[in-house]
Amino acid sequence: MKSLLVVYHSNTGGTRQMAEALARGAAAEARVQVLHAAAAGPDEMLAAEGYVLATPETLAAISGPMKDFLDRCYYPLLGRVEGRPYALLVCAGSDGQNAIRQLQRIATGWRLRAVAEPVLVCTRAQTPEAILAPKVVPAAELARCEQLGTAFAAGLAMGIY
C-alpha cells in the first residue's frame, strides 16, 4: 500500500479539520500519516510517495510553522523527491491566493507534481474576534477535502502518480 503524508498547521482548527477530512478519504487506498508541521521532517517526506500540504492563510501567506517545516526539509530533500505528487489545502480568512501561490512556487522548486487544483476554504474572518475564533469548516467543504483524499490515494494505488 502506498503512503500519503499530510502535513498541516492550524491556528484555529479549520485547516486541521480539512487535513483530517482528506485523510479519511484517503485511508481506504493508502497508508496516511497526518503530522503537524512542527513534528514532520525530511525522514517523513522521504518515506511517503505523495504529499498534502495544509496551511492557514496568515497575513496573505502560508503560516510560519508551515514555512519552517518546508525550510527544514528543503536542503535534505534537494534532488530526492522530484516528480512526487502533491496537493494543497488552504483555509483562508480572505482570498487565500497568495498562500496558494507561495506553496506552488515551493513545490515547483522541489520539482513536485501537482495532482489536483488546491482546495481553498474561505472563512471570511476579517475582524479580530472572527480571526481568533475557533473555525468550523462547513460539511460541504470537508466533503471536497475528503473527495480529494479519495482521488489522490486511488491515483497512488493505481500507479497514476
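In this predicted model, Q17 touches K135, V136, V137 and L142, leaving aside residues up to four places away in sequence. Q17 sits in helix α1. Its relative accessible area is 15%. The cut-off for burial is under 20%, so Q17 counts as buried.

T55 lies in strand β3. Its relative accessibility is 0%, and T55 therefore counts as buried. Beyond residues up to four places away in sequence, T55 touches H9, T15, I62, S63, M66, L89, V90, C91 and L103. One of these contacts, M66, is itself among the buried residues of helix α3.

Helix α3 covers residues 64-77. Its 14 residues should span 20 Å at 1.5 Å a residue. The end C-alpha atoms are 20 Å apart, so the computed separation agrees with the expected span. The buried residues of α3 are M66, F69, L70, C73 and L77. Around the helix axis they cover an arc of only 95°, which means that they lie on the same side of α3. These buried residues pack against two strands, β1 (3-8) and β3 (50-56), and against two helices, α2 (42-47) and α4 (97-110). After α3 comes G79. The phi of G79 is positive, near 80°.

The largest pocket has a volume of about 390 Å³. Its lining consists of 20 residues. Nearest the pocket centre lie P56, E57, T58, G93 and I131. Three elements each give two or more residues to this lining: α1 (14-26), β4 (85-92) and α5 (128-132). Helix α1 is also the element that holds the buried Q17. By class, the lining of the largest pocket has 10 polar residues, eight nonpolar residues and two charged residues.

E117 presents an exposed site. This residue is found in the loop between β5 (113-114) and β6 (119-122). Its relative accessibility is 67%. Exposure is assigned over 50%, so E117 counts as exposed. Along the chain, E117 and A87 are 30 residues apart. In space, their C-alpha atoms are separated by 7.3 Å.

In terms of accessibility, then, Q17 in α1 is buried at 15% and T55 in β3 is buried at 0%, whereas E117 in the β5-β6 loop is exposed at 67%.

Definitions and conventions:
Residues numbered from 1 in each chain as written. Predicted model: local features only at pLDDT ≥ 70, side-chain atom pairs only at ≥ 80, totals over all residues. Heavy atoms only, no water. 1 Å grid on protein atoms, 1.4 Å probe; cavity = no way out; pocket = protein on both sides within 12 Å on 5 of 7 lines; lining within 4 Å. Points joined across faces, edges and corners; volume = space filled by probe spheres on them. Helix = DSSP H or I, 4+ residues; strand = E, 2+ residues; numbered from the N terminus. Nonpolar A, V, L, I, M, F, W, Y, C, P; charged D, E, K, R; others polar. Expected span 1.5 Å × (residues − 1). Buried < 20%, exposed > 50% of the residue type's maximum accessible area, 1.4 Å probe, protein only. Arc of directions from axis to C-beta. Contact = heavy atoms within 4.5 Å.
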